[in-house]
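Thanks for sharing this one. Here are my notes, in the order I would read them with the viewer open.

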Amino acid sequence: MKRVGRFHKVSEHRFLEDWKDTFPGQEDEEEILRIYREIPVPRRATAGSAGYDFFAPVSFTLRPGETIKIPTGIRVEMEPSWVLKCYPRSGLGFKYRLQLNNTVGIIDSDYFYSDNEGHIFAKITNDSNEEKTAHVEAGTGFMQGIFIEYGITFDDDVTEIRNGGLGSTTK
């Protein structure tokens, strides 16, 4: 098994800023920092697990058609030529059709060095067509990340450097 990365938490300052931006009106810094301190870094559940579980920083409920954006408090440092692909936890997808809004989250190796510290967000929707309401408790795994190696073409000569998050590489 290749060891290709390491999860870190973003700084307290970054988490505070992003939390307040995501949840306007929730300005209690002491409470936000409590939430931040309780977030564990992603980990695998078993030796045979491919996915690293990301844990919900707070409890949330999604009725069919509802969406939530979640600042995970996590960033990932990894070797070049690797990517972290993020998916909903299998059980949540199977039971409730919980889906990431971008279908698969792609975390590039250079995202770690962005101005936003490479803070990973998850935007998920309950796409249930069976009228099932999903409830996820704080500290429960809701998303999983899998490290995948990738290649580039022989004539690739890109030298641009990333600085930003979602959609920043095509601006």
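1. A word on terms before the sheets: two strands pair if DSSP finds at least two bridges between them. Helices (H or I, at least four residues) and strands (E, at least two) are DSSP runs, numbered from the N terminus. The model is predicted, with local features needing pLDDT of at least 70 and side-chain atom pairs pLDDT 80 or more, while totals for chains, interfaces and linings use all residues. Residues are numbered from 1 along each chain as its sequence is written, and side-chain values use heavy atoms, leaving out hydrogens and water.

2. One open sheet has three strands, ordered β4-β9-β7, with antiparallel pairing. Its edges are β4 (67–71) and β7 (98–100); each has a single partner strand, so one side of each lacks a neighbour in the sheet. From one strand to the next, the twist averages 30° (axes are lines fitted to C-alpha atoms, for helices over the stretch in contact, and angles run from 0 to 180 degrees between N-to-C directions). Five bridges hold the antiparallel pairing of β4 with β9 (residues 121–126), and K69 has K123 in β9 as its bridge partner.

3. The other open sheet to look at has four strands in the order β2-β11-β6-β8, again with antiparallel pairing. Here β2 (52–55) and β8 (105–108) are at the edges with a single partner strand each, so one side of each is without a neighbour in the sheet. Strands β6 (residues 82–88) and β11 (residues 141–149) run antiparallel and are joined by seven bridges; Y87 is matched by its bridge partner Q144 in β11.

4. What lies across β4 and β9? Helix α1 (residues 12–22) does, running at about 165° to β4. Its residues R14, F15, L16, D18, W19 and T22 are buried (under 20% relative accessible area; exposed is over 50%, partly exposed in between, with a 1.4 Å probe and protein chains only). The cover over these buried residues of α1 includes α2 (29–38), β4 and β9.

5. Next, the core. A nonpolar core is a set of buried Ala, Val, Leu, Ile, Met, Phe, Trp, Tyr and Cys residues joined through side-chain atoms within 4.5 Å. The largest has 37 residues, and F54, L84, I124 and F142 have the most contacts inside it. Helix α2 gives the most to this core, with four residues. Leaving aside neighbours within four places in sequence, F142 is in contact (heavy atoms within 4.5 Å) with residues including F54, I70, L92, I124 and V136.

6. Aromatic rings deserve a look too. Rings of Phe, Tyr and Trp (its six-membered ring) pair if their centres lie within 6.5 Å; planes under 30 degrees apart count as stacked, over 60 as edge-to-face and the rest as tilted. The whole structure has nine such pairs. F7 and Y52 make a tilted one, 5.4 Å centre to centre with 50° between the planes. F7 lies in β1 (residues 5–9) and Y52 in β2, so the pair ties together parts 45 residues apart in sequence. F7 is buried at 12% relative accessible area, whereas Y52 is partly exposed at 25%. F60 and F142 pair edge-to-face, at 6.4 Å and 90°.

7. Finally, two charges over rings (NZ of Lys or CZ of Arg within 6 Å of the ring centre and within 35 degrees of the ring normal). K9 has its charged end over the ring of Y36, 4.4 Å from the centre, and R75 lies over the face of F112 at 3.7 Å from the ring centre.
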